[in-house]
Amino acid sequence: MSKDEEERNLYVVYVVAGAVLVLLLAFIIKLAASGSGPGGKRDVILLLGPCGGGKTALFHRLRDGPTKVDTVTSMKETLETFPLFDEDAATVSVLDFPGHERLRSQVSQFYPIAKKLVFVVDATTIGDAAQVRKAAEFLYDIFVHPKLHDNGIPLLVACSKADMSSAATPANIQTILEAELTRASLETHDDDESIPLGRENVPFAFDVDAPCEVVFEGYSIHSADAIAPLLDFILQE
């Protein structure tokens, strides 16, 4: 075999090896993104919701118990793994995602690692038109995203401050959000990647139209009994 032939054969070997390596890398990335491979395990509790709903206070309550914490609006997510204060035998990974509207488009990158979604709304202000619109628009963005459909992640609408006399009940909050999501479905023009939400000419209903399991619970951070429904949801396999 001539030197030129040896070089050509060696070149072919390199090309084939490179192609195999690229395909293998693509396969590994796909496994990780789907939660089926190392590093892609779906074990994170993702706290979501509009600003001021109580996400960060809930994060500290789960980790530290019913202590007084002064929270500020953050522009960066916080991810920690810790034993639950009320269930110290259970260790969870919780990601507190900022509620600012400008950051909302970034939340989808965490869906492939999310085990549960906890969407926090303030039960004492959800009747305000501006607040309910922000909450519904955030939920709409969650529901139409393909990654949520691909992963089928259960979602809890956690209604904070349920111990206050001015708090709306979870049933009332569900009705309010369904009406606003009906409006959003009619008015919002989705991009090519979004999956349409709801049925044509029919009001939105969570139990029929949501792309994942959705439950509503009221809670308070001030006592173990009042936060128990959230813990049940988080720990349920």
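This passage describes the sheet, the nonpolar cores, a pocket and three loop residues of one structure. The model is predicted.

The strands form an open sheet. Six strands take part, in the order 2-3-1-4-5-6. Their pairing is mixed. Strand 2, residues 78-83, stands at one edge, and strand 6 also has an edge position. Each of these two strands has a single partner, so one side of each is left without a neighbour in the sheet. From one strand to the next, the twist averages 25 degrees. Within the sheet, strand 1 and strand 3 run parallel. Strand 3 spans residues 91-96, and 4 bridges join it to strand 1. Opposite Ser-93 of strand 3 stands Val-44.

Helix 3 lies across several of these strands. They are strand 1, strand 4, strand 5 and strand 6. Relative to strand 4, helix 3 runs at about 165 degrees.

The largest nonpolar core holds 41 residues. Leu-46, Leu-117, Ile-142, Phe-143, Leu-155, Leu-177 and Phe-206 touch the most other members. Four strands give two or more residues each to this core: strand 1 (44-48), strand 4 (114-122), strand 5 (155-160) and strand 6 (214-218). Helix 3 (129-143) and helix 5 (170-187) also do so. Helix 3 gives the most, with 8 residues. Leu-117 illustrates the packing. Leaving aside neighbours within four places in sequence, Leu-117 is in contact with Leu-46, Leu-48, Tyr-111, Ile-142 and Leu-148. Under the same condition, Leu-117 also contacts Ile-153, Pro-154, Leu-155, Leu-156 and Phe-233. Another core lies apart from the largest one. This other core has 20 residues, among them Ile-45, Leu-84, Val-92 and Val-94.

The second largest pocket has a volume of about 350 Å³. Its lining comprises 20 residues. Closest to the pocket centre are Asp-141, Ile-142, Val-144, His-145 and Ser-194. Helix 3 and helix 5 are the elements that give two or more residues to this lining. Helix 3 gives the most, with 5 residues. Helix 3 is thus the top contributor to the largest core and to the lining of this pocket. Ile-142 likewise appears in both settings: it is among the core residues that touch the most other members, and it is among the lining residues closest to the pocket centre.

Three loop residues complete the description. Ser-108 is found in the loop between strand 3 and strand 4. Its relative accessible area is 11%, under the 20% limit, so Ser-108 counts as buried. Beyond its neighbours within four places in sequence, Ser-108 is in contact with His-145 and Lys-147. His-145 is also one of the residues closest to the centre of the second largest pocket.

The other two residues concern the backbone. Most residues other than glycine have a negative phi. Lys-161 has a positive phi of about 60 degrees, although it is not a glycine. Lys-161 is placed in the loop between strand 5 and helix 5. With a relative accessible area of 36%, Lys-161 is partly exposed. Asn-201, also not a glycine, has a positive phi of about 60 degrees. Asn-201 lies in the loop between helix 5 and helix 6, the latter spanning 206-209. The relative accessible area of Asn-201 is 71%, so this residue is exposed.

Note on methods: Residues numbered from 1 in each chain as written. Predicted model: local features only at pLDDT ≥ 70, side-chain atom pairs only at ≥ 80, totals over all residues. Heavy atoms only, no water. Core = buried A, V, L, I, M, F, W, Y, C linked by side-chain atoms within 4.5 Å. Buried < 20%, exposed > 50% of the residue type's maximum accessible area, 1.4 Å probe, protein only. Contact = heavy atoms within 4.5 Å. Pairing = 2+ DSSP bridges. Axes fitted to C-alpha atoms, helices over the stretch in contact; angles between N-to-C directions. 1 Å grid on protein atoms, 1.4 Å probe; cavity = no way out; pocket = protein on both sides within 12 Å on 5 of 7 lines; lining within 4 Å. Points joined across faces, edges and corners; volume = space filled by probe spheres on them.
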